[in-house]
Amino acid sequence: MKRIGVLTSGGDAPGMNAAIRAVVRTAIYHGFEVMGVERGYHGLLDNMMFPMNSRSVSEILQRGGTILKTARCEAFNSEEGIQRAVEVIKSRGIDSMVIIGGDGSFRGARDLDDAGIPTIAIPGTIDNDLGYTDLTIGFDTAITTVMESVSKLRDTSSSHERMFVVEVMGRNCGDIALFAGIISGAEEVIVPEMPFSVKEVAERVNIGVDGGKSHYIILVAEGAVDPYAFTEELEELTKINTRLAVIGHLQRGGSPTATDRLLATRMGARAVEELRIGNSGVAIGLKGNVLTTKSIDEALAVRDRLSMELYRLAEILAR
Ligand code: F6P
């Protein structure tokens, strides 16, 4: 009998619950047992876990967040931390792990696998900053939330003839800003991957204002610039009244979109299938519409690149 441990780690992402559900139900289907580990890697160090069955994951497909709780765990990032985790895993009769999280969580998954615990990693982060996969779980819901927020800001922006600078998350990755910028019709998208000049942005805005444009939406990725300083400078350099809206953690919550539910469900099930056939140390990804596997090390080594096609499209459509 195999006993699989599952945990979520790092920033939560809508769809993590759908992935947990798929792991649990696929494992049970194949006759395995599942232990839910709480609070990410903390749960491995502090022995916080509980047996899960089909009913443990009822009614969670549509819920944002993660029923297993999540955390970032510094204590795990040391030789002693990993050894302690391995001891706890073995003492609970667990023989393999599924880790759902972002790049920090992936490093932990790789370390566990190296320490002899067969481990599979599933990409769960709103940032979409893992280059080996087209999509990470939670990204689609996050950009949908940004899109809906920008629609609301457009109402007030056009009524008051104002410009809105909208800051979005993404750490050092501009994907949330870029994708959400395109689907929201933003006039400018500022991302960490591409150089920009506030003066040039201001010039473009002023040309637009002179041509009769009365409201603007500028999407700024958190990793690109301090949004407060940016907004202040932009207001000084332009002829239009400006406000800043920081969407913040709102974009981490909410019921996952259809795309995220499907992605998470497919990836969760695939993780169990990989363990079943004796694979480990791999990350599940998506390329085109096909699920892929890559060693976690290789997955971490693929540099995330901003899509130039989409960046150019954003520029063209904003004029
Ligand atoms: O990685 C997800 C993320 O939401 C990033 O976009 C953001 O930079 C960070 O987490 C925020 O972290 P915290 O929730 O700890 O403030």
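Trainee: Hi! At roughly what angle do the axes of helix α6 and helix α11 cross?

Mentor: Hello! This is a predicted model, and in it the two axes cross at roughly 40 degrees. They come within 10 Å, with α6 covering residues 175-184 and α11 covering residues 308-318.

Trainee: So what do we call α6 relative to α11?

Mentor: That angle makes α6 oblique to α11.

Trainee: And is the crossing left-handed or right-handed?

Mentor: The crossing of α6 and α11 is left-handed.

Trainee: Cool. Which residues meet there?

Mentor: From α6 you have Leu-178, Phe-179 and Ile-182. Their partners in α11 are Leu-310, Tyr-311, Leu-313 and Ala-314.

Trainee: How many of the residues in that contact are nonpolar, polar or charged?

Mentor: Seven are nonpolar, and the contact of α6 with α11 has no polar and no charged residues.

Trainee: Switching to the sheet now. What's the strand order?

Mentor: The order is β3-β2-β1-β4-β5-β10-β11, an open sheet of seven strands with mixed pairing. At the edges sit β3 (49-52) and β11 (290-295), each pairing on one side only.

Trainee: What does the twist average from one strand to the next?

Mentor: The twist averages 25 degrees.

Trainee: How many bridges join β5 to β10?

Mentor: Two bridges do, and these strands run parallel. Look for β5 at residues 119-123 and β10 at residues 282-287. Ile-120 stands opposite Val-282 in β10.

Trainee: Last one: which strands does helix α4 touch?

Mentor: Helix α4 (residues 103-114) packs on the sheet and touches β4 (96-101), β5 and β10. Its direction makes about 170 degrees with that of β5.

Key:
Residues are numbered from 1 along each chain as its sequence is written. This is a predicted model: local features need pLDDT of at least 70, side-chain atom pairs count only at pLDDT 80 or more; totals for chains, interfaces and linings use all residues. Side-chain values use heavy atoms; hydrogens and water are left out. Axes are lines fitted to C-alpha atoms, for helices over the stretch in contact, and angles run from 0 to 180 degrees between N-to-C directions. Helices (H or I, at least four residues) and strands (E, at least two) are DSSP runs, numbered from the N terminus. Angles under 35 degrees count as roughly parallel, over 145 as roughly antiparallel, 65 to 115 as roughly perpendicular and the rest as oblique. A crossing is left-handed if the near helix is turned anticlockwise from the far one by less than a right angle, and right-handed if clockwise. Contact means heavy atoms within 4.5 Å. Ala, Val, Leu, Ile, Met, Phe, Trp, Tyr, Cys and Pro count as nonpolar, Asp, Glu, Lys and Arg as charged, and the others, Gly among them, as polar. Two strands pair if DSSP finds at least two bridges between them.
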